Amino acid sequence: MTSKYYITTPIYYVNDVPHIGHTCTTVAADILARYHRLNGENVFFLTGTDEHGAKVAQAAAKKDLTPEDFCNKISTRFQKTWENLNISNDFFIRTTDPRHVKVASQLLKKIYENGDIYKDVYQGLYCIGCEKFLTESDLEDGHCPLHPPEQTINQKEENWFFRLSKYAPKLIELIENDETNYIYPEGKRREVLAKLKAGIHDISFSRANVDWGIPIPWDKSQTIYVWVEALINYYSATQFLENKEKFWPADVHVLGKEILWFHTAIWQAMLLSVGLPLPQKTFVHSFYIMKDKKMSKSLGNLITPEELISQFGIDGSRYLIASSFPAQNDSNVSLKRYTKTYNADLANGLGNLVSRTANLAEKNDLKISPHKQVKFFNGIDKSINAFNLPKSLDIIWNTDKNSVSSINQRFTQEKVWELPEKKQQEVLREIISDIQQITYNIKPFMPTTAKKIDKIFSGKVTAPDPLFPRL
Ligand code: MSP
């Protein structure tokens with residue numbers, strides 16, 4: 001029986017167009033999805049856009065568009081970006097999809113009927129950028145550090161509250177005892193645990209003054225807090241898409257560290273309330289930073305995926321994103337750094353290896369049959385499953401005995417081009433077989449390049465155009 005593998009990315013806010021911060025999460029999830037498909041699993045890979053709430057409504061108003069038109073426009077932009085990057089998502093969910101609205105309303109109603117939702121007054125600071133109420137520990141200089149100060153506002157309203165505190169003991173027990181260790185990496189698991197143990201408050205699940213949202217099913221004067229219905233997307237897609245029921249629970253939610261709490265405390269508590277199985281794992285990564293600050297639109301320090309693709313091509317961009325992926329620590333990125341890596345690893349590395357080998361093979365009139373026995377190098381399974389994508393690439397490029405650099409080195413050291421004909425062909429065949437191993441390993445990362453290289457080395461070899469022109 002083939003096993004299922006359900007992987008998700010956060011659904012991105014449409015208040016703005018994508019930058020490579022969003023892109024790194026989506027590309028990482030895509031690499032995992034492709035890796036699991038190669039292993040024969042039945043994969044469901046979900047991404048999408050988060051379209052309700054004050055922040056999106058504000059952004060639409062600024063552009064003089066209705067929220068609907070605005071959402072259509074930006075959501076399309078996200079979808080296009082993922083197509084451009086060859087992302088293999090099986091579905092793209094939009095929270096304005098009436099089918100999602102229905103499932104989200106039903107799920108909330110169920111929580112309410114279980115007695116886990118009650119009315120109370122909220123007063124405190126709220127960050128429109130984060131779409132969340134702030135606690136003392138969130139503040140830096142009295143405002144949210146991730147967004148401009150004016151987005152931190154004082155808010156007082158009567159809201160529907162969720163009994164999050166009721167679920168704290170159960171959450172603590174689960175996180176402490178669950179062998180699957182559902183929060184990864186360990187540091188984040190400890191962080192959530194400490195916060196739960198410190199004592200937590202119930203949280204507001206509705207908004208009195210946000211029209212752009214899903215009405216509370218039993219109180220049409222309020223809308224569902226955007227984060228609550230956004231989290232439900234992961235479940236709703238499995239309910240309204242045909243044949244997808246079997247995919248719940250998610251095997252892994254991939255996300256950035258700023259939304260850890262929503263996914264590991266609030267979401268899990270909601271699921272506990274309605275008695276649904278919990279996601280197996282939450283993988284939390286760090287940030288791309290530029291000039292020492294988190295890359296974001298509000299801070300104006302960003303690189304767009306379009307910029308990346310136009311300079312480095314699709315697979316070039318995928319490589320650069322994966323090799324700079326902020327798995328555990330923040331990762332400093334810049335176009336200058338990317339250009340350096342591109343030239344070293346792709347133009348002079350893999351690109352040069354393929355072209356010098358193919359050139360010499362053509363001169364020798366070599367015919368090559370497709371390689372059958374392929375597998376992932378030692379350490380790849382482990383590093384991919386830990387989302388340590390820079391490590392996986394380092395294995396393929398540098399540390400495996402069959403790495404790109406070791407084959408390149410052999411080529412140079414043995415001066416293959418000067419060997420007598422018979423020996424030259426023998427060595428070339430070995431090198432091509434090694435390249436075919438590499439090709440298999442890069443499939444999840446650079447699917448088109450892998451296909452191109454496979455094609456070059458099947459049948460009669462002819463010298464190809466450079467895979468990665470030097471910049
Ligand atoms: N809409 C919410 C998520 C709801 S999920 C139920 C949201 N959207 S967002 O557009 O702000 O996207 C946040 C996610 O984008 C982060 O968790 C991370 O995955 C990614 N990133 C955004 N900026 C990033 C960096 N600078 N670096 C790395 N990832 C970043 O939050």
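**Figure 1. Strands S9, S10 and S11 in the predicted model.** Strand S9 (residues 206-207) and strand S11 (residues 219-224) are paired in the antiparallel sense, with two bridges between them; the structure shown, here and in the views that follow, is a predicted model. Ser 206 has Ile 224 of S11 as its bridge partner, and Arg 207 is placed opposite Thr 223, also in S11. Strand S10 (residues 215-216) is likewise joined to S11 by two bridges and runs antiparallel to that strand, and here the bridge partner of Pro 215 in S11 is Thr 223. S10 and S11 together make a hairpin, in which two residues lie between the strands. Taken as a whole, the three strands form an open sheet with the order S9-S11-S10 and antiparallel pairing. Because S9 and S10 stand at the edges and each has a single partner strand, one side of each is left without a neighbour in the sheet. In general, the strands of a sheet pair through backbone hydrogen bonds, in either a parallel or an antiparallel arrangement.

**Figure 2. The four-stranded open sheet.** A further open sheet consists of four strands in the order S5-S4-S6-S8, and its pairing is antiparallel. Its edge strands are strand S5 (132-133) and strand S8 (203-204), each of which pairs on one side only. Strand S4 (residues 117-127) and S5 run antiparallel and are joined by two bridges, and within this part of the view Cys 127 stands opposite Lys 132 in S5.

**Figure 3. Polar groups around the ligand.** Among the 25 residues that surround the ligand, those that come nearest are Ile 11, Thr 25, Asp 50, Gly 256 and Tyr 288. In the side chain of Asp 50, an N or O atom lies 2.7 Å from a nitrogen atom of the ligand. The backbone also approaches the ligand: a polar backbone atom of Gly 256 is 2.9 Å from an oxygen atom of the ligand, and a backbone N or O atom of Tyr 13 is 3.0 Å from an oxygen atom of the ligand. On its own the ligand has 670 Å² of accessible area, and the protein covers 95% of this area.

**Figure 4. Composition of the shell around the ligand.** At least two residues of the shell are supplied by each of strand S1 (4-13), helix H1 (20-38) and helix H7 (226-240). The largest share comes from H7, which provides five residues. Sorted by class, the shell holds 13 nonpolar residues, nine polar residues and three charged residues.

**Figure 5. Two cis peptide bonds, each leading into a proline.** The peptide bond from Tyr 184 to Pro 185 is cis, and its omega is near 5 degrees. Pro 185 has its place in the loop between strand S7 (183-184) and helix H6 (186-197). The peptide bond from Trp 248 to Pro 249 is cis as well, with omega near 5 degrees, and Pro 249 belongs to the loop between H7 and strand S12 (252-256). H7 is also the helix that gives the shell around the ligand its largest share of residues.

**Figure 6. The backbone at Asn 86.** Asn 86 has a phi near 60 degrees, which is a positive value in a residue other than glycine. This residue lies in the loop between helix H3 (67-84) and strand S3 (91-94). As a background to this view and the previous one, most residues other than glycine have a negative phi, and most peptide bonds are trans.

**Figure 7. Domain 1 and domain 2.** In the domain assignment, the protein chain contains domain 1 (4-285) and domain 2 (334-460). The C-alpha centres of domain 1 and domain 2 are 40 Å apart. The contact between them takes 16 residues from domain 1 and 14 residues from domain 2.

Key:
Residues are numbered from 1 along each chain as its sequence is written. This is a predicted model: local features need pLDDT of at least 70, side-chain atom pairs count only at pLDDT 80 or more; totals for chains, interfaces and linings use all residues. Side-chain values use heavy atoms; hydrogens and water are left out. A residue is near a molecule or strand if one of its heavy atoms lies within 4 Å of it. A polar contact is a pair of N or O atoms within 3.5 Å; within protein, one must be able to donate a hydrogen and the other to accept it, and residues adjacent in sequence count only if both atoms are side-chain atoms. Accessible areas come from the Shrake-Rupley method with a 1.4 Å probe; for residues, only the protein chains shown count as cover. Ala, Val, Leu, Ile, Met, Phe, Trp, Tyr, Cys and Pro count as nonpolar, Asp, Glu, Lys and Arg as charged, and the others, Gly among them, as polar. Two strands pair if DSSP finds at least two bridges between them. Domain bounds come from an automatic or database domain assignment. Contact means heavy atoms within 4.5 Å.
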